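Reader: I am new to this structure and would like a close look at a single part of it. Please choose one part and take me through it step by step, with the terms explained as you go.

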Amino acid sequence: MRISTFAYTLKQGISNIWRNKMFSLASIATMSACIFLFGLFFAIVTNFQAMVKEAESGVAVTVFFEEGAAPEQIEQIGKEIRSRIEVSEYNFVSAEEAWTEFKDEYFAGNDEAAAGFGEDNPLANSSSYEIFLNDISMQQVLVDYLKGLDGVREVRHSAAVANTLSDFNSLIGYISVGIILILFLVATFLISNTVTTGIAVRRDEIGIMKLIGATDSFVRAPFIVEGILIGLIGAILPLALLYLMYNRITQYIEVKFSFLSRLITFVPAKGVFHTLVPVALVLGVGIGFIGSRITIRKHLNV
């Protein structure tokens, strides 16, 4: 496309928006509302997922060895664990470390009771590997594998916690897809109506252009630009508003409800908008493009 043609197409697209100010404003407002709701939901979901991920990081699978297992066998089990894609990290906990941790937790403030064991370690056969996973939904697969290894006496895990966190993640995913689909359909409908009005207003002009030899793509292009511009403007406005709101709301909650800061750690604005901005812009432009293309194909016989 030549520069002059591109400039003409852009100018006509802007003119179309100006000619149909009321419909264009309605489309931009609807698009902004859709992107705003999407962005708000995205920010909430991102923080929920961060909290779930933090909870997942504290869920461990513990592997205990058979009594009298040789150091070489224990090391081999460690190598098997390290080779699994489910594993993010694992730690070896010796029997002495296990006993020290147990005393600190259950005999805190009662040193005399702990001293009664003397040099004896009641957890002498409790050395273990503590394993943390990349994805909690993969826990059962790893547990089944570990139970089949030679030298493994017991594998402790929390199936209920893993299933709850995994189901919660799935629920968030389904809700996200549903909301995006609804917003997509609503915004596409509004943009389609706006472009339809523009075609009706310029139908005579379009007919003359065709008579003097204008190509189909030349006639269609301004309406495509119109849809894209509406989508772009409708995405930029709510993103700016959401950015200001997110920072202020999170700061307000952290100051006003300081007790929540010990329970909830908000994802920084940069972490949320690093993904939200490109996704929202692509959604806005994509919806504008698709809405205008559908309308042109249906109503513009060129």
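**The second largest pocket and its surroundings**

Author: Let us start with the second largest pocket, whose volume is about 300 Å³. A pocket here is an open set of points on a 1 Å grid over the protein atoms alone, with protein on both sides within 12 Å along at least five of seven lines, and a lining residue has an atom within 4 Å of a point. The volume is the space filled by probe spheres set on the points, which are joined across faces, edges and corners. The model is a predicted one, where local features need pLDDT of at least 70 and side-chain atom pairs pLDDT 80 or more, while totals for chains, interfaces and linings use all residues. Residues are numbered from 1 along each chain as its sequence is written, and side-chain values use heavy atoms, with hydrogens and water left out.

Seventeen residues would be a lot to picture at once, but a few help: of the 17 that line the second largest pocket, Ala43, Ile44, Asn47, Tyr246 and Ile249 lie nearest its centre. Helices α2, α9 (216-256) and α10 each give at least two residues to this lining, and α2 contributes the most, with seven. By class, 14 of the lining residues are nonpolar, three are polar and none is charged (Ala, Val, Leu, Ile, Met, Phe, Trp, Tyr, Cys and Pro count as nonpolar, Asp, Glu, Lys and Arg as charged, the others, Gly among them, as polar).

For the wider setting, the protein chain has 10 helices and four strands (DSSP runs numbered from the N terminus, H or I of at least four residues for helices, E of at least two for strands). Of its 302 residues, 37% are buried, meaning under 20% relative accessible area, against over 50% for exposed and in between for partly exposed, with a 1.4 Å probe and protein chains only.

Now look at the packing. The largest nonpolar core has 19 residues, and Tyr246, Val272, Phe273 and Leu276 have the most contacts inside it. Again α2, α9 and α10 each supply at least two residues of this core, with α2 giving the most, seven residues. Such a core is a set of buried Ala, Val, Leu, Ile, Met, Phe, Trp, Tyr and Cys residues joined through side-chain atoms within 4.5 Å.

Tyr246 therefore belongs in both descriptions: Tyr246 is among the residues nearest the pocket centre and among those with the most contacts inside the core. Val272 is a good place to pause: apart from residues up to four places away in sequence, Val272 touches Phe42, Ala43, Thr46, Tyr246 and Val267, where contact means heavy atoms within 4.5 Å. Ala43 and Tyr246, both in this list, are also residues nearest the pocket centre.

Helix α2 also holds Ser32. Ser32 is buried, with a relative accessible area of 13%, and beyond its neighbours within four places in sequence Ser32 contacts Ile233, Gly234, Leu237 and Pro238.

Finally, there is an enclosed space to find. The whole structure has one cavity of 30 Å³ or more, and the largest cavity holds about 60 Å³. Its lining is Cys34, Ile35, Phe38, Ile180, Leu183, Phe184, Leu283 and Ile287, with two or more residues each from α2 (21-57), α7 (159-201) and α10 (269-299). All eight of these residues are nonpolar. Unlike a pocket, a cavity is a set of points where a 1.4 Å probe fits but cannot get out.
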